[in-house]
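Q: I'm new to this structure and would love a close look at one part of it. Could you walk me through a place where two helices meet, and then one residue found there?

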Amino acid sequence: PDRITHPISALVESTKTIAQGNYEVPVTSDSNDELGLLVRDVDSMRVSIRDLTENLKEQERLKHEMEVARRIQTSLLPIISESVHPDLDIAADMLPADEVGGDFYDVTLDRTGTLWFAIGDVSGHGVTPGLIMMMAQTVHATVTNNLECDARSVVVKINEILYMNVHERLGEKHFMTFTALKYLG
């Protein structure tokens, strides 16, 4: 009887430990009978539960990071007021997908008060296209706010910098369609 009750008591204690959320304590048995097989199956379930729990935690962490990335992406888009430019009524809206992506637009005034429009899209979805879009937005804002240039020069400069960063530094092969317009009246 002790040969049966002791392993059963140990198995009961192990299942209580698992039920409390501790998946790190192995469930073991030296027996090769049906009780030993049951113990090995319980241990196999413990490992599966541990792995699933870790996977769920990782998925939750990634989901939170994607929400932060999506919030950062949309915060970079301009807030367009009715008084952006006296010649034009301008409105824009972006409805982000579930994933972060490389969609981009900007409406801004340069240091001389000249109105600029930009729109672009990076190939693919995910964090990398979102980061490439942020690079493009940063270059566009920096060039138009600090240099006297035409739209062609802005696109050429963005292309040069993005190529260097994306292709040469990151080793990625994303493509970005980008257009810049300078409103001259």
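A: Here is a walk through the pairing of two helices, followed by a look at one of its residues.

Please keep in mind that this is a predicted model. The two helices to find are α3, which covers residues 127-146, and α4, which covers residues 151-169. They pack with their axes 10 Å apart, at an angle of about 140°. Angles over 145 degrees would count as roughly antiparallel, and 65 to 115 as roughly perpendicular; α3 and α4 are therefore oblique to each other. Their crossing is right-handed.

Which residues make the contact between α3 and α4? On the α3 side, look for I132, M135, A136, V139, H140, V143 and T144. Facing them from α4 are V154, K157, I158, I161, L162, N165 and V166. Sorted by class, this contact has 10 nonpolar residues, three polar residues and one charged residue. Lysine counts as charged, and K157 is part of the contact on the α4 side, so let's stay with K157 for a moment.

K157 lies in helix α4. Is K157 buried or exposed? The answer falls in between: its relative accessible area is 33%. Buried would mean under 20% and exposed over 50%, so K157 counts as partly exposed.

Now see what K157 meets. Leaving aside residues up to four places away in sequence, K157 touches V139 and V143. Both V139 and V143 belong to the α3 side of the helix contact. Another residue on that side is A136. A136 and K157 are 21 residues apart along the chain, and their C-alpha atoms are separated by 9.8 Å.

The side chain of K157 has a polar partner as well. It makes a polar contact with the side chain of E160, at 3.2 Å.

To put the picture together, start from α3 and α4, packed at about 140° in a right-handed crossing. Then find K157 on α4, touching V139 and V143, with its side chain in polar contact with that of E160.

Key. Residues are numbered from 1 along each chain as its sequence is written. This is a predicted model: local features need pLDDT of at least 70, side-chain atom pairs count only at pLDDT 80 or more; totals for chains, interfaces and linings use all residues. Side-chain values use heavy atoms; hydrogens and water are left out. Axes are lines fitted to C-alpha atoms, for helices over the stretch in contact, and angles run from 0 to 180 degrees between N-to-C directions. Helices (H or I, at least four residues) and strands (E, at least two) are DSSP runs, numbered from the N terminus. Angles under 35 degrees count as roughly parallel, over 145 as roughly antiparallel, 65 to 115 as roughly perpendicular and the rest as oblique. A crossing is left-handed if the near helix is turned anticlockwise from the far one by less than a right angle, and right-handed if clockwise. Contact means heavy atoms within 4.5 Å. Buried means under 20% relative accessible area, exposed over 50%, partly exposed in between (1.4 Å probe, protein chains only). A polar contact is a pair of N or O atoms within 3.5 Å; within protein, one must be able to donate a hydrogen and the other to accept it, and residues adjacent in sequence count only if both atoms are side-chain atoms.
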